[in-house]
Amino acid sequence: QTHLLSLSLQAKMSRPVQARRLEGIDKNIWVEFVKLAATYSTVNLGQGFPDFPPPDFLKEAFVRALSGENHMLHQYTRAFGHPPLVKILAQFFGKLLGRDLDPMTNVMVTVGAYQALFCCFQAFVDDGDEVIIIEPFFDCYEPMVKMAGGMPVFVPLRPKAPKDGKLMSSADWQLDPAELASKFSDRTKAIVLNSPNNPLGKVFSRGELEVIADLCVKYDVLCISDEVYEWLVYDGKEHIRIASLQGMWDRTVIIGSAGKTFSATGWKVGWTVGPNRLLQHLCTVHQNSVYHCATAAQEAVAQGFQRELKLYGKPESYFIQLPKELQQKRDWLVQSLDAVGMKPIIPEGTYFLVADISEFKSDVPDVPDSDEPYDSRFAKWMVKNKGLAAIPLSAFYCGAHKNNYNHFIRFCFAKEEATLKAANDILQKWKREKTNP
């Protein structure tokens, strides 16, 4: 027995098992905050998913796919996208971009937009390549660039305070063109653009996109354009696709998501649209990672797009109805936060709204010399003590810049009215406690 024990001790691995590319990227804001919200929150405005159902026409399409006569919808379909889905996506985006798209070479279906991003970084980024990321950024961009061996280079949107005491808008957060230009060099392989932007809700203007496009052309840089919130724009704003600008189709991969488009985030159907010279490399990563996406969900999404193509631009189109509903929810949460003294930044798009918590700092004392950004401590305190979950804005910045933007938190307003009302009740009660301690 002693001999066996010593053998088993020797058999334990002593050398490191993790690949070097995983070093320093093991922490994840969602793992931590989802667990906190599940434990403490009565109202969760943290994670970005609707708590209302997808539209009936989409659910009915999924039921038909599952229970209909076509038993092949339970089996593998084409690896790079179910033929009916890539066909309608090529038609739909061809119409939006004003060009003929080939469903077999200009569209690839992925397991949500998340896998589309992963395919882009793995397919395009080599060791030492620089990838420009605009801050604040959706948090997976940085670790995915690092896992591909690349170097993330960060450029922040800089807020300009509005005059006459008005509430700030996401449009007040802007790129400095000279600062952006200074980040481009011969080492730059790609820039990641997220418009409408999560977490700010900023919708980049044509002028801002032209600045980015000109630099991409000048330095021969790729653009990974994350457009998952493309239909969720408010106040008559227009979502402009950077691939439609001069010189950009050939160097841009557009990423989209049925989760955000049809309020069905759990279905995990995403896509990439772009020239074959780029997409063929994404296909190589795709076929050697997930290989294939759920057939029935792709069939249902295809039917959703077929409906929307017929109704394009008409009032009954879901792509017109959903942003109308969400704009009302946004306005309601803006009023609710403003009334209690959390200063909201009015988003031009997305599910999200960022609010300034400076006036609430007295509730959560500073911890001198703490490594943790203030907004992160505040968000944890808020979920534990008030039952309201939100996400700290610093989670959307690189390590070096986290403390520059540490007095904001992000709320998701893509929720049922009852959820938003419950959040308002918590905020009002909190405000009363502050006023009459």
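**Exercise 1. Burial of an aromatic pair**

State whether Phe93 and Trp271 are buried or exposed.

*Solution.* Phe93 and Trp271 are both buried. Buried is under 20% relative accessible area, exposed is over 50%, and partly exposed lies in between (1.4 Å probe, protein chains only). The model is predicted, so local features need pLDDT of at least 70 and side-chain atom pairs 80 or more, while totals for chains, interfaces and linings use all residues. Residues count from 1 along each chain as its sequence is written, and side-chain values use heavy atoms, without hydrogens or water.

**Exercise 2. Ring pairs**

How many aromatic pairs does a search of the whole structure find, and which parts does the pair of Phe93 and Trp271 tie together?

*Solution.* Set the criteria. Rings of Phe, Tyr and Trp (its six-membered ring) pair with centres within 6.5 Å; plane angles under 30 degrees are stacked, over 60 edge-to-face, the rest tilted. Helices (H or I, at least four residues) and strands (E, at least two) are DSSP runs numbered from the N terminus.

1. The search of the whole structure gives 33 aromatic pairs.
2. In the pair of Phe93 and Trp271, the centres are 6.2 Å apart and the planes make 55°, so the pair is tilted.
3. Phe93 belongs to helix H4 and Trp271 to strand S10 (residues 269-273), so this pair links parts 178 residues apart in sequence.
4. Now take Phe137 and Phe154: their ring centres are 5.4 Å apart with planes at 25°, so this pair is stacked.
5. Phe137 sits in the loop between strand S3 (130-135) and helix H6 (141-147), and Phe154 in strand S4 (residues 151-156), so the pair ties parts 17 residues apart in sequence.
6. Phe137 has 2% relative accessibility and counts as buried. Phe154, at 12%, also counts as buried.
7. Phe93 and Trp271 recur in one aromatic cluster, whose members include Phe57, Phe92, Trp231, Phe262 and Tyr312.

**Exercise 3. The nonpolar core**

Which residues touch the most other members of the largest nonpolar core, and which helix gives the most to it?

*Solution.* A nonpolar core is a set of buried Ala, Val, Leu, Ile, Met, Phe, Trp, Tyr and Cys residues joined through side-chain atoms within 4.5 Å.

1. The largest core has 149 residues, and Phe121, Trp173, Ile191, Ile212, Met342, Phe378 and Phe411 touch the most other members.
2. Helix H4 (residues 83-97) gives the most to this core, namely nine residues.
3. Follow Phe411. Beyond its neighbours within four places in sequence, its contacts (heavy atoms within 4.5 Å) include Leu45, Leu333, Met342, Phe352, Met382 and Ala390.

**Exercise 4. An enclosed strand**

How many of the five residues of strand S15 (residues 408-412) are buried?

*Solution.*

1. Five of the five are buried, so S15 is largely enclosed by the rest of the structure.
2. Sort them by face. In a regular strand, side chains alternate between the two faces of the sheet.
3. Phe408, Arg410 and Cys412 are on one side of S15, Ile409 and Phe411 on the other, and all are buried.
4. Find the partners. Strands pair if DSSP finds at least two bridges between them.
5. Strand S12 (residues 352-356) runs antiparallel to S15 and is joined to it by five bridges. Val354 has Arg410 of S15 as its bridge partner.
6. Strand S14 (residues 391-392) is also antiparallel to S15, over two bridges. Here Ile391 has Arg410 as its bridge partner.

**Exercise 5. The seven-stranded sheet**

In what order do the seven strands of the open sheet stand, and which strands are at the edges?

*Solution.*

1. The order is S2-S10-S9-S8-S7-S3-S4, with mixed pairing.
2. Strand S2 (107-111) and S4 are the edges; each has a single partner strand, so one side of each lacks a neighbour in the sheet.
3. At the S2 edge, S2 and S10 pair antiparallel over five bridges. There Val107 stands opposite Val273 in S10.

**Exercise 6. Unusual backbone geometry**

Where are the cis peptide bonds that join Glu135 to Pro136 and Asn198 to Pro199, and what are the phi values of Asp220 and Lys268?

*Solution.*

1. Glu135 and Pro136 share a cis bond with omega about -5°. Pro136 is in the loop between S3 and H6.
2. The bond from Asn198 to Pro199 is cis, with omega near 25°. Pro199 is in the loop between S7 and H8.
3. Asp220 is not a glycine, yet its phi is positive, about 55°. Asp220 lies in the loop between H8 and S8 and is exposed, with a relative accessible area of 58%.
4. Lys268, not a glycine either, has a positive phi of about 55°. Its place is the loop between helix H9 (258-261) and S10. At 37% relative accessibility, Lys268 counts as partly exposed.
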